Amino acid sequence: MAEPSEASRVYLRFKDVFGDPNAKRVRARRRPRDETGSSVPFGVGRDPRGIGDTINSLTLQLGWNSPLAQSELLASWIELAGEETSKHSTPAGIEDGVLTVQCESTAWATQLRMMRVDIMTHIAVRYPDAGIQSIRFQGPNAPSWKKGPRSIPGRGPRDTYG
């Protein structure tokens, strides 16, 4: 087969670059369609969201729901326990799912122990993300060597007061 002349090569090159003047234009510039609608001004998913929805989704993504619910529980102890009860008790903290409440006297600690089921029900309804499994009510701090989380077996200290 004979090699095309230089003029025919130039013509074919121009035809390839600029297109055939007798043919329809098919080489129109096409944009890829974004199906998510993120680049379309009034497309799906472009509606503004409220700040509360945005913060809720952010705290869910970062895993802050439990600590936020726990701090909210501690801050709203007055509404949770009642005004009279909250005057005589304060939440000390939450550790490993156990809410520790410091009471003014042993009588108030005993009274709150009897109300434990009601308080746990209120916590479960209002703060399900807090992860509270139980409540520990403590009376006033008094030195005791017999009972407590850090007691050891044995006779304990002798000859301490005299």
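Colleague: What makes the 3.3 Å link between the side chains of Ser89 and Trp77 a polar contact?

Modeller: This is a predicted model, and in it those two side chains come to 3.3 Å. The cut-off for a pair of N or O atoms is 3.5 Å, so the pair counts. The Ser89 side chain also reaches the backbone oxygen of Thr85, at 2.9 Å.

Colleague: And why is Ser89 called buried?

Modeller: Its relative accessibility is 2%, and buried means under 20%, so the label follows. Beyond its sequence neighbours within four places, Ser89 is in contact with Trp77, Val101, Gln102, Cys103 and Leu112.

Colleague: Thr100 in β2, then: buried or exposed, and how do you know?

Modeller: Buried: Thr100 has 15% relative accessibility, and the limit is 20%, so Thr100 falls under it. Residues touching Thr100 include Thr90, Pro91, Arg136 and Gln138.

Colleague: How do you know that β2 and β3 pair, and in which sense?

Modeller: DSSP has to find at least two bridges between two strands; β2 and β3 have five, in the parallel sense. One of the bridge partners is Ser134 in β3, facing Val98.

Colleague: Why do β1 and β3 count as edge strands?

Modeller: The open sheet runs β1-β2-β3, with mixed pairing. β1 and β3 each have a single partner strand, so one side of each has no neighbour in the sheet. On average, neighbouring strands are turned by 25° against each other, direction ignored.

Colleague: Which helix lies across β2 and β3?

Modeller: That's α7, residues 116-126, running at about 130° to β3.

Key: Residues numbered from 1 in each chain as written. Predicted model: local features only at pLDDT ≥ 70, side-chain atom pairs only at ≥ 80, totals over all residues. Heavy atoms only, no water. Buried < 20%, exposed > 50% of the residue type's maximum accessible area, 1.4 Å probe, protein only. Contact = heavy atoms within 4.5 Å. Polar contact = N/O pair within 3.5 Å; in protein donor to acceptor, adjacent residues only side chain to side chain. Helix = DSSP H or I, 4+ residues; strand = E, 2+ residues; numbered from the N terminus. Axes fitted to C-alpha atoms, helices over the stretch in contact; angles between N-to-C directions.
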